[in-house]
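Please open the structure in your viewer and keep the selection panel at hand. The tour goes from one stop to the next, and at each stop there is something to select and something to look for.

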Amino acid sequence: MIQVNQVNKTFQLGDQPVHALNNIQLKISPGEYLSIMGPSGSGKSTLLNMLGLLDIPDDGEYWLQGCDGLALDTVPMDEEVRARYRRDHIGFVFQSYHLIPRLTAAENIELPLVLAGIPPDERKERLQPIIQRLGLEQRAGHLPNQLSGGQRQRVAIGRATIMRPKLLLADEPTGNLDSHSGAEVIELLEELNNDGITLIIVTHDMDLGDRAKRKIRMVDGEIVLDKSREQEPS
Amino acid sequence: MRLQDQLLFNLRSLSRQRFRTLMQLIAMAIGVFSVVLLTGLGEGGRQFVMAEFSVLGKDILIILPGRKETSGGMPPLTGGTRDITLQDAQALSRLRNVDGIAPLVVGKAEVNFSGRSKESLIIGANPEFFIMRHLRIQQGQGLLQIEIDQARPVCVIGPELKKELFAAQPALGKWLKMAGSRCRIVGILANSGTGLGFDMNNALIIPVASSMQLFDTQGLFRVMIDVHSLAGMNKLSKEVERVMQERHEGELDVTVITPASLLSAFDDILAVLTVAISAIGGISLFVAGVLIMNMTLISVSQRTAEIGLLKALGASSRQVRILFVSEALILCLAGAVLGILSAEVLLWLARQQFSDLLFIAPWWASALALIVALTCGLVFAWLPARRAANLPPVEALR
Ligand SMILES: Nc1ncnc2c1ncn2[C@@H]1O[C@H](COP(=O)(O)OP(=O)(O)OP(=O)(O)O)[C@@H](O)[C@H]1O
Ligand SMILES: [Mg+2]
């Protein structure tokens, strides 16, 4: 589903070039559950943004499977095509939720459908089961600032999944949450993974990272460790 | 994105930033308001001046002392090399195609009646003047038909002047004093507004020969000629010039004007004026446009996170651009409508206040203001909207 070849990304910090992604080589199959860990500044977010088509690598190839099952190299793609890809294939969950404050919980979840121009009837149909699954029935009409952190992150997850993407990217989704709501959010994400979605989580939390079936460790823009649980001697 | 959803999204974000929205709305409304109001006032003023001039019939020639060489311009209203005398006027009245002739002397004097006094306009004229100016008598009679060079101590007064001097008392037959001479009131004019700058309601009309004695002058202020047929107008005007030249030792020192030429000269000037004041309004519109640009720029930088989010969710650059531009357009449209409405209300009030001034904004002014407002919104919002649309999503999200 995902094939990353020899991808590099450098940032210019003052007169110091920072190699945020250094010759990244990565292959991810559909339905996988990955965690990315590593020290601060090691390039985890940069990798995730690149995988989510929010950022473009300086060189290398990034093959991503489209809805027709065909994998295409997204690096040379036009920004408008990438936007379409993001809309149809990729869901994002951010550490700081990024909800639109003037829209209610339900409207925030509905937003991708609105942007995609889906008619209201169909939107309602698709919205209802998701709100139920998120346990937000009582909170659907509330504005984000009336919700707890855990509830906000659940709204964000609802928004990330309402377009039924194949790839769900979460950058420190529990970073702003206490351990209880953090666990709830992780359970929700894992449930979605069980349903078949490819899940990639960036986290600093060892316990959370260990729950993933495949763990990647980054240091200084390089993947220094990539191990699947199956290979582990138990 | 569907249109309804987009409008809803715009309205949400507009109502979210109430202060910003209000400021832009007011700026745009003021711009449009001033364009519409100023053109309305300008048009009203123009119509008013036109109406003033059209008190005179179209078939009237006016002869002024003095000569202005450039044709088509404004004739001099005072001065001149040589007087036009009563004898000149008499000579002109013998020309063909002349129905009547009204020699005029105009001045100011204090008019007294038993202790009350009033500085008022004194017009020396003859009965033809009443016909040409369509003056009507509400009481008594007009000036008598007498030899043009005969002075008589009689006068006709305007209704306002009558009220000032006599209040509700009868005035007919009473004697007025002015500057050492006396005259008996033989008639009172009906209410007849102003025309050519003469406020007939406050005027006192005496025989032209009496006025020449009163002001001790030989020269006429002007001579009006009632032309029999419009077709002969130009020919007559040449004739008049020839006769006057003959009588003034070969020198052409009078100006002959037709109301039509005067009217078109004024019309041109006033039309330019109207355009000029509309341009002032246009400047405020432009300022409003710049304000909208700044506000949209601020809004873009305040909402970079939102823009990044929208792009992360798959909104195309085009969608983001449309969202911002349409937001500005909605503002401009609302502001313009507000401005047009309030200008119309004010013009309506002005019409109530000054019933003889027709303050109506021409439709093209409102249409133009609306178009300029929308274009401003479009052009000025385009730049920031493009900036928003081209933000890379990662940049916007951090
Ligand atoms: N837009 C940018 N401009 C300059 N440098 C950047 C930019 N984005 C990232 N970097 C640099 O690239 C490196 C990797 O950043 P990244 O955000 O991927 O780290 P991270 O692993 O997510 O760290 P953290 O755990 O703190 O979130 C850092 O050194 C960072 O300073
Ligand atoms: Mg990070």
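The stops below begin in chain A and then move to chain B, and the model you are looking at is a predicted one.

**Stop 1: the sheet of chain A**

Select the strands β6, β7, β8, β3, β9 and β10 of chain A, which in this order make up an open sheet of 6 strands with mixed pairing. At its edges you will find β6 (90–93) and β10 (222–228) of chain A, each of which pairs on one side only. As you look from one strand to the next, the twist averages 15 degrees.

Now keep only strand β7 (residues 167–171) and strand β8 (residues 198–202) of chain A, a pair that is joined in the parallel sense over 5 bridges. Within this pair, A:Ala170 is the residue that stands opposite A:Ile201 in β8(A).

Next, add the helices that pack on this sheet. Helix α6 (residues 179–194) of chain A touches β3 (33–37), β7 and β8 of chain A, and its direction makes about 150 degrees with that of β8(A). Helix α5 of chain A also packs on the sheet, where it touches β6 and β7 of chain A, and the direction of α5(A) makes about 170 degrees with that of β6(A).

**Stop 2: helix α3 of chain A and its two neighbours**

Keep α5 (residues 149–161) of chain A on screen and select helix α3 (residues 105–115) of chain A as well; their axes come within 7 Å and cross at roughly 25 degrees. Because angles under 35 degrees count as roughly parallel, α3(A) and α5(A) are described as roughly parallel to each other. The crossing in which α3(A) passes α5(A) is right-handed. To see the contact itself, show the side chains of A:Ala105, A:Asn108, A:Ile109 and A:Pro112 on α3(A), together with A:Val155, A:Gly158 and A:Arg159 on α5(A). Sorted by kind, the residues of this contact are 4 nonpolar, 2 polar and 1 charged.

Now exchange α5(A) for helix α4 (residues 120–134) of chain A, whose axis comes within 10 Å of that of α3(A) and crosses it at roughly 140 degrees. This angle makes α3(A) oblique to α4(A), and the crossing of the two helices is right-handed. Which residues of the two helices meet here? From α3(A) there are A:Ala106, A:Ile109, A:Glu110, A:Leu113 and A:Val114, and from α4(A) there are A:Arg123, A:Arg126, A:Leu127, A:Ile130, A:Ile131 and A:Leu134. The residues of this contact divide into 8 nonpolar, no polar and 3 charged.

**Stop 3: a residue in strand β2 of chain A**

Select A:Leu21, which lies in strand β2 (residues 16–28) of chain A. Is A:Leu21 buried or exposed? With a relative accessibility of 0%, A:Leu21 counts as buried. Among the residues that A:Leu21 touches are A:Val7, A:Thr46, A:Leu47, A:Met50 and A:Met218. A:Met218 deserves a second look, since A:Leu21 and A:Met218 are 197 residues apart along the chain while their C-alpha atoms are separated by 9.5 Å.

**Stop 4: strand β3 of chain B**

Move to chain B and select strand β3 (residues 116–125), where 7 of the 10 residues are buried, so that β3(B) is largely enclosed by the rest of the structure. Then add strand β2 (residues 98–113) of chain B, which runs antiparallel to β3(B) and is joined to it by 9 bridges. In this pairing B:Val106 stands opposite B:Ile123 in β3(B). The two strands β2(B) and β3(B) form a hairpin with 2 residues between them, and B:Ser114 in the turn has a positive phi of about 35 degrees.

For another partner of β3(B), select strand β10 (residues 203–207) of chain B, which pairs with β3(B) in the parallel sense over 5 bridges. Here B:Leu121 is found opposite B:Ala203 in β10(B).

**Stop 5: strand β7 of chain B**

Select strand β7 (residues 181–189) of chain B together with strand β4 (residues 137–140) of chain B, which pair in the antiparallel sense over 3 bridges. Strand β5 (residues 154–157) of chain B runs parallel to β7(B), with 4 bridges joining them. B:Gly187 in β7(B) is the bridge partner of B:Gly140, and B:Val156 stands opposite B:Gly187 too.

Conventions
Residues are numbered from 1 along each chain as its sequence is written. Chains are lettered from A and ligands numbered from 1 in the order in which they are written. This is a predicted model: local features need pLDDT of at least 70, side-chain atom pairs count only at pLDDT 80 or more; totals for chains, interfaces and linings use all residues. Side-chain values use heavy atoms; hydrogens and water are left out. Axes are lines fitted to C-alpha atoms, for helices over the stretch in contact, and angles run from 0 to 180 degrees between N-to-C directions. Angles under 35 degrees count as roughly parallel, over 145 as roughly antiparallel, 65 to 115 as roughly perpendicular and the rest as oblique. A crossing is left-handed if the near helix is turned anticlockwise from the far one by less than a right angle, and right-handed if clockwise. Contact means heavy atoms within 4.5 Å. Ala, Val, Leu, Ile, Met, Phe, Trp, Tyr, Cys and Pro count as nonpolar, Asp, Glu, Lys and Arg as charged, and the others, Gly among them, as polar. Two strands pair if DSSP finds at least two bridges between them. Buried means under 20% relative accessible area, exposed over 50%, partly exposed in between (1.4 Å probe, protein chains only). Lists of a residue's contacts leave out its neighbours within four places in sequence.
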